Amino acid sequence: MPLNEHHDPDAEFLGEFGSALRATGEGFPVDSRPELVSGGLARGRRRLLRRRLAVTGGALALAAIGAGGVYAGSVVTPAEQADKASAAAPSRGGGVTPTPDQQAVATPDAGTLKPGEAEIPLSRIADVLKANTPAGNWRFDNLDGTGQGVSGYFDDGRGEAAVSAFLSRAGRTPEAGADMVTCPEKAYVPHDDCEAGRLGDGSRWMVFQGYEYPDKREETKNWRATLLTEDGFLVDVSEYNAPAEKGAEISRENPPFSAAQLKSLVTAEAWRPLLKQIPPLPTAPAKPGKVGTPGKVGAPGKVRQAPPQITGNGVTNTLRALLPKGLTVVDKGGEGKLVVDDGKGKSLVQINVQYGMDEVAGQLYGSGDVTTLPDGRKVKLIQQPGEKGGEGVVWWTADTMTKDGFRVVVGAFNTGAQHEAATRAEPALTLEQLKAIALDPKWTKLPAK
């Protein structure tokens, strides 16, 4: 994951990735990038983005962010507009308001739609919700408009609960959205239960029973269900045991719908006709002269393709091979994450390898302890507190980038899990050891596509 010393005021909702999202998002002014201008739903996109980050909970959660700030169909919020994203106002007849900084990339359909925007009647989305949930009283503020999602309130007599449903495309590649239907490791994302599976048509689903803030488990529960269809659409439903996701008193012990009911809801066939109304995602335009893999220059006016992504399990295997002597791997917490122990306590080590990050180099390396090597690579060393609530946790990072935007970031903690208390005074690796790992030439040899 991108690691830096900036602290985003919205870290409460972005968790450990807040600072990285801020640094990335600030590099893309909304008014000059048409692919960020319209479509989607502000709060829906925010929830989907936060969900992806929280559920993956690891080093590669932001690996898909490249030029344009697009993450699997969602858009990174520029920090200066974060407050706007949190306060939705009425739009085009009702529902949740789209805001430019939160919206997904898409193209008009036959010239009738604004880029990225599906004109699905909100009442139809609400009808599918009501028809596929148990008996109870539903309340929606306004269903007169169109869009891609609704937020409402459900009460079965046990207390009113907030419920939201959002429809979107997963991204531009078949692999996009896979993290949305992959259960996380409990050691990294605390939760009560999670189940995932595949339908007969190849669609994947997941039901996640967790919390609005995983490190504060006595507070609001957040249960979610997601369907990723074989053709790349997402149905994402969330429910709470309170009438709002935050800032409201808990109204009931659990959210109203069970795991089985959530699965039945997101896999309902009634969503399919609505999903088909969502326009496709195009390739984002780029600065003239950039095309294909970073570092290769083409003729002016050509489109810069999506940056390649590392494939397979080479990241974790390479990280293991580059660990200093004396460290024993005691746990593997997912791709790009290892828990090591040198006999003095557990230490989480995680890495992110990204192509196509040159457009945000100025934001990432514009301040702090930054040096430039003779070959042009930037190296930034960071020491900061942990951001997941663990008592006494510290986080050390070596963040590196080549001139053409190939970025390797290695971080280490003085605990085996960020939300748990420190197990040692310092991480098991020094800043110099982290720097040596990040600068190793083996990273450039990993297969990517």
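I take two strands to pair if DSSP finds at least two bridges between them. I keep in mind throughout that I am reading a predicted model.

**Entry 1: the sheet that holds β4**

I looked up β4 and found that this strand pairs with β6, residues 149–155, in the antiparallel sense over 3 bridges. Within that pairing I noted one pair of residues, R139 and its bridge partner in β6, Y153. I then followed the strands outward and found an open sheet of 7 strands with antiparallel pairing, in the order β4-β6-β7-β11-β10-β9-β8. The edges of this sheet are β4, residues 137–139, and β8, residues 193–198, each of which pairs on one side only. Neighbouring strands here are turned against each other by 15° on average, with direction ignored.

Next I asked which helices pack on this sheet, and I wrote down α5 and α6. Helix α5, residues 122–131, touches β4, β6 and β7 (161–169), and its direction makes about 40° with that of β6. Helix α6, residues 259–266, touches β9 (204–211), β10 and β11, and its direction makes about 35° with that of β10.

**Entry 2: the sheet that holds β12**

I turned to β12 and found an open sheet of 7 strands, again with antiparallel pairing, ordered β12-β13-β14-β18-β17-β16-β15. Its edge strands are β12 (328–332) and β15 (369–372), and each of them pairs on one side only. From one strand to the next, the twist averages 20°.

At the β15 edge I checked the pairing with β16, residues 378–385, and read an antiparallel arrangement over 4 bridges. There I found T372 standing opposite K378 in β16. Helix α10, residues 431–438, packs on this sheet, where it touches β16, β17 (394–401) and β18 (407–413), and its direction makes about 35° with that of β17.

**Entry 3: salt bridges**

How many salt bridges does a search of the whole structure find? The search gives 12, and I looked at several of them in turn, asking where their residues stand with respect to the surface.

I began with R158 and D156, which form a salt bridge whose closest N and O atoms are 3.3 Å apart. R158 is exposed because its relative accessible area of 61% is over 50%. D156, at 24%, is partly exposed.

I went on to D231 and K276, whose side chains meet in a salt bridge at 2.6 Å, N to O. This pair links distant parts of the chain, 45 residues apart, with D231 in the loop between β10 (221–228) and β11 (233–240) and K276 in the loop between α7 (272–275) and α8 (314–322). D231 is partly exposed at a relative accessible area of 39%, while K276 counts as exposed at 55%.

Are D399 and R407 buried or exposed? I found that both are buried, and that their side chains meet in a salt bridge at 2.6 Å, N to O. I also noted that salt bridges with shared partners join R139, D141 and E160 into one network. This brings me back to my opening entry, where R139 was the bridge partner of Y153 in β6.

Definitions and conventions. Residues are numbered from 1 along each chain as its sequence is written. This is a predicted model: local features need pLDDT of at least 70, side-chain atom pairs count only at pLDDT 80 or more; totals for chains, interfaces and linings use all residues. Side-chain values use heavy atoms; hydrogens and water are left out. Helices (H or I, at least four residues) and strands (E, at least two) are DSSP runs, numbered from the N terminus. Axes are lines fitted to C-alpha atoms, for helices over the stretch in contact, and angles run from 0 to 180 degrees between N-to-C directions. Contact means heavy atoms within 4.5 Å. A salt bridge is a side-chain nitrogen of Lys or Arg within 4 Å of a carboxyl oxygen of Asp or Glu. Buried means under 20% relative accessible area, exposed over 50%, partly exposed in between (1.4 Å probe, protein chains only).
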